[in-house]
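Please find below my note on this model, written with the sequence and structure alongside.

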Amino acid sequence: MIAFEHVGKAYDGRVAVDDVSLSIAEGEFVVVIGPSGSGKSTMLKMVNRLVEHDRGRILFAGDEIRRFKPEALRLRMGYAIQSIGLIPHWTVEQNIAAVPELLGWPRSRVRDRVTELLELLDLAPATYRRRYPHQLSGGQQQRVGVARALAGDPAILLMDEPFGSLDPVTRDALQQEIARIHKASGKTILFVTHDIDEALRLATRIVLLDQGRVVQDGTPREILAYPAADFVSEFVGRGDIGLKLLGLDTVSGLVRRGESAAGDAIPISASLREALSIAIARGVDRLPVADDQGRAVGAIAVADITKPRA
Amino acid sequence: MNAVRNRVLLVLVILAIVAAWGLAFLTVAPNRLVSGTAIPLSQVSEPWRAVLLVPSLVLLLAVFLPQRRNTHAAVAVAATLLLFGLVWLAGAHAARLAESASPITRIAFGGGFWVLALLAWLAAVDAIERSRLGPVAIALAHFAVFLPIAVLLLGGELDHLSLLKEYATRRDVFDVALVRHVEIVAAALVPTLVAGIPLGISLFRHAKSQASVFAVLNVIQTVPSIALFGLLIAPLALLATAIPGLRDLGISGIGVAPAVIALVLYSLLPVVRSTVAGLVQVPRPVVEAATGMGLSRAQIFRRVEVPIALPVFLSGVRIAAVQAVGLAVVAALIGAGGLGALVFQGLASGALDLVLLGVIPTVALAVVVDAAFRVLASSTGTQTG
């Protein structure tokens with residue numbers, strides 16, 4: 001879908017992105033992460049030509065991006081940013097409809113698309129369609145921002161720290177939302193963040209950037225289990241790498257079916273990290289496990305969670 | 001002190017009582033050139049002074065009432081009635097005095113009248129602003145305050161007052177002056193906008209040249225208007241003699257041409273500055289998001305930047321227009337005509353009524369222009385915020 005080939009970018013002689021090569025396949029959820037000034041945002045903006053790269057090539061669906069008119073290229077890519085950037089004097093509907101209208105969709109299809117996206121992002125269309133951005137909460141504005149990025153049914157979604165300014169509860173809800181949308185639509189997503197937990201939670205693949213160079217490129221598990229450099233283990237948080245690894249798996253793999261334990265059941269979709277945390281908090285070594293409908297499934301033992309695995 | 005709910009109104013009422021007893025309500029002079037003798041409010045048409053009493057009592061009462069919407073409405077209506085009553089009483093008393101006086105006797109508003117009228121107007125303005133109405137409703141309410149006076153004026157009730165006598169003898173001159181005044185202002189604003197808007201946009205795009213251009217415009221702004229008018233006389237006179245056709249177009253060292261040029265120079269600063277300020281305050285993330293969505297530069301300018309910049313821009317044009325209405329008075333000194341011509345004639349001959357005949361319409365014109373632009377600006381800016 002997107003390929004970087006030895007791409008470089010410097011601002012007034014200061015290198016922001018240095019010889020990056022990266023290939024993103026269709027359907028991947030790639031999170032680019034790094035400290036501030038690592039060039040991650042520049043990398044994203046080069047894809048839709050908000051920033052022009054000065055060395056190497058960037059391909060979109062096999063073609064050099066400079067072959068496209070910038071506006072035409074951007075219409076095929078959804079774009080969401082941290083400060084949301086909703087147009088303040090446009091209604092929610094006008095904001096979402098802008099790209100489909102520029103693409104020349106017929107009016108009825110645009111209308112249906114707006115309704116569909118508002119529903120997808122849990123905003124009642126009848127209530128929110130005619131609202132202005134300043135009448136929405138921060139979380140609702142960001143939902144509209146995501147809906148707008150999705151509006152033109154883009155081939156790829158570019159998201160630049162989209163949830164950076166939200167409170168933890170709202171951010172959590174929107175992370176769930178975007179993970180669900182990725183699963184349901186199979187859209188390719190290129191996502192920039194500096195939050196390692198967000199990256200581990202969302203990514204199918206993490207690209208760790210430092211001073212404009214790719215330090216490591218791998219699945220969340222690979223990044224945690226086999227950090228390629230000291231910088232990586234430091235960045236992901238040396239002290240709780242183990243816990244973060246546990247956060248990648250759910251209880252379902254280790255549940256002892258048919259067995260039972262005392263206390264309130266935890267859902268089978270909970271992560272091993274949550275299970276361990278609950279067990280420690282309750283001071284027990286076994287927890288009952290229930291399925292999504294609340295029916296008892298079995299139990300999970302702390303010993304199984306902490307037992308070394310390959 | 002807790003009983004007082006509206007201190008502004010209390011101050012206005014106290015000042016009004018002082019003015020009513022302490023200052024002349026009308027003055028009577030045997031002709032237009034000598035100063036007259038004072039008639040205090042207490043000597044004005046005894047039975048009819050009650051028309052002032054009722055609204056005055058309402059205002060006094062409102063000082064101690066809870067400040068609700070109804071109270072503000074009552075204050076606005078009472079103040080409007082008081083203003084009407086003052087003008088009507090002055091007109092009626094002047095008519096009664098005129099019956100037994102010679103035709104050249106001048107009956108003029110006294111200091112007490114002006115102070116009372118101003119206080120009544122301020123009370124109305126204050127109540128209207130407190131009422132939390134929409135911007136259009138507020139503008140209409142401001143006009144409504146003067147509506148009863150306009151009725152008196154058109155109905156001939158005030159014809160025996162010296163100001164109206166002055167108007168009656170100079171009606172033709174006045175009408176020409178008023179039209180000329182509006183023409184000068186309009187003739188200055190059109191080129192200002194035509195030049196100022198593109199200049200503002202290009203300064204916004206090339207921020208480096210802002211400092212030098214604004215320095216020049218600021219210097220122009222600090223030149224006193226009289227001096228600027230004077231400075232333009234010599235070059236324009238030379239130009240008119242050098243190029244024969246120009247004189248036929250009405251361009252010469254004195255008259256309308258230098259006046260319009262000077263007003264354009266003065267108006268450029270607020271227009272250019274507000275164009276730049278309006279565009280600068282468009283949030284960068286909004287522009288970046290719009291760019292990232294795939295809008296072209298022209299689409300972003302037209303659909304995103306201009307609407308967001310419009311309220312600030314219009315407030316700059318409002319300042320330029322109000323300023324031009326005032327400065328155009330001075331333009332009369334270099335022969336441009338307009339309401340200033342009446343003012344300077346009056347000053348030269350010591351006829352206060354003639355001065356007022358020039359000043360009052362100028363102020364009214366400025367107020368109307370100001371209100372019109374305020375309504376325009378707020379109606380374009382209601383959806384942001």
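The points that follow take up the basis of the model, the domains of one chain, the chain contact and one helix.

1. This is a predicted model, in which local features need pLDDT of at least 70 and side-chain atom pairs count only at pLDDT 80 or more, while totals for chains, interfaces and linings use all residues. Residues are numbered from 1 along each chain as its sequence is written, with chains lettered from A and ligands numbered from 1 in the order in which they are written.

2. Chain B is assigned domain 1 (7-161) and domain 2 (171-381), the bounds coming from an automatic or database domain assignment, and the centres of these two domains, taken over C-alpha atoms, are 34 Å apart. Seven residues of domain 1 of chain B are in contact with eight of domain 2 of chain B (C-beta atoms, placed from the backbone, within 7 Å).

3. Between the chains, 17 residues of chain A are in contact with 16 residues of chain B.

4. In helix H2 (residues 50-62) of chain B (helices are DSSP runs of H or I, at least four residues, numbered from the N terminus), the buried residues are Leu52(B), Pro55(B), Ser56(B), Leu59(B) and Ala62(B), where buried means 20 or more other C-beta atoms within 10 Å of the residue's own, and exposed 12 or fewer, with C-beta atoms placed from the backbone. Ala50(B), Leu53(B) and Leu57(B) are exposed, on the face of H2(B) turned away from its buried side. The cover over the buried residues of H2(B) includes helix H1 (7-22), helix H3 (69-99) and helix H4 (111-130) of chain B.

Definitions and conventions
Contact = placed C-beta atoms within 7 Å. Helix = DSSP H or I, 4+ residues; strand = E, 2+ residues; numbered from the N terminus.
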